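Here is a quick tour of one helix and a couple of odd backbone spots. Have the viewer open as you read.

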Amino acid sequence: MNAPTVAPSASVAASAATRSKVPQVTAAFWAVKILATTLGETGGDAVSMSMGLGYLLGSVVFAALFALAVWMQIRARAFHPFLYWAAILASTMVGTTLADFADRSLGIGYSGGAALLLALLLAALWAWHRSLGSVAVESVAGPRAEGFYWLTLMCSQTLGTALGDWVADTAGLGYLGGIGVFALALAVVAALHRWNAVSRTASFWAAFVLTRPLGAVFGDFLDKPLASGGLALSRYSASLVLAGLIVALLWLLPQRAAQRTH
């Protein structure tokens, strides 16, 4: 006689429905994040500049890819590293072209663009916290939290591009100077996190924002002309190499879903 089938409890079903689909924050996560933000810069410039689509059309193309990737990410039943990082890459590329459009085509400059995007990022974090009570990455589970997560991430990626351009160009530090500034800022955030001087959530979002301008400035250093302080490498070749490194890291250092907080 067959044993009766036992239906899963409501709590188990709810847990399965709201499992986290973002990765644990590890050293591998940050390594891939920096490579992805660098690829976002070289890839975004390749489409908007090298291919000649311009900032506005490039932003439309990447925004469509980002929307598709986020839709697939939200509909997924579990964490898939390559799907997650595809959405991240799309966000970095649309962040590149959108920030360049705001800074240059709208005529508000790097300072104005960075200030506008910072306000949007803070507004997204405020709305997220007010609606769900937490902006911790470990709490990202369920469509509403994921929606706020990707909105906030999009704002941070766009802000990072504008901030990198402001430091390298408007502040006159150049690409190598910008790399040094953002690397130092990340080291300070890491030290504060290690000494428990700031909350884990605050240190995560600070580092998440700062890795974007670091990657953006490094990407500019790779593909900008020698006369401008860059290495004048092919945007297409640099993008392919960076993409290969990301795939290799994801293959060699498998990532797991973040553990939910309750």
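What follows is a short walk through a predicted model.

## Helix α3: length and neighbours

Start with α3, which covers residues 54–75. With 22 residues at 1.5 Å a residue, the helix should span 32 Å, and its end C-alpha atoms do sit 32 Å apart, so the two figures agree.

Who keeps this helix company? Among the elements covering the buried residues of α3 are α2 (27–50), α4 (81–105) and α6 (143–170).

## Helix α3: two faces

Buried here means under 20% relative accessible area. By that cut-off, the buried residues of α3 are Y55, G58, S59, F62, F66, A69, V70 and Q73. Look down the axis of α3 and these buried residues fall within an arc of 100°, so they line one face of the helix.

Now turn the helix around: the face pointing away from the buried side carries the exposed residues L56, W71 and R75.

## Two positive phi values

Most residues other than glycine have a negative phi. Two loop residues are worth a look with that in mind.

N196 has a phi near 60°, a positive value in a residue that isn't glycine. You'll find N196 in the loop between α7 (174–194) and α8 (200–223). Its relative accessibility is 65%, so N196 counts as exposed.

A232 also isn't glycine, and its phi is positive too, near 60°. This residue lies in the loop between α8 and α9 (235–252). Is A232 exposed or only partly exposed? At 43% relative accessibility, A232 counts as partly exposed.

Note on methods:
Residues are numbered from 1 along each chain as its sequence is written. This is a predicted model: local features need pLDDT of at least 70, side-chain atom pairs count only at pLDDT 80 or more; totals for chains, interfaces and linings use all residues. Side-chain values use heavy atoms; hydrogens and water are left out. Helices (H or I, at least four residues) and strands (E, at least two) are DSSP runs, numbered from the N terminus. Buried means under 20% relative accessible area, exposed over 50%, partly exposed in between (1.4 Å probe, protein chains only). The expected span of a helix is 1.5 Å times one less than its number of residues. The arc is that of the directions from the helix axis to the C-beta atoms. Contact means heavy atoms within 4.5 Å.
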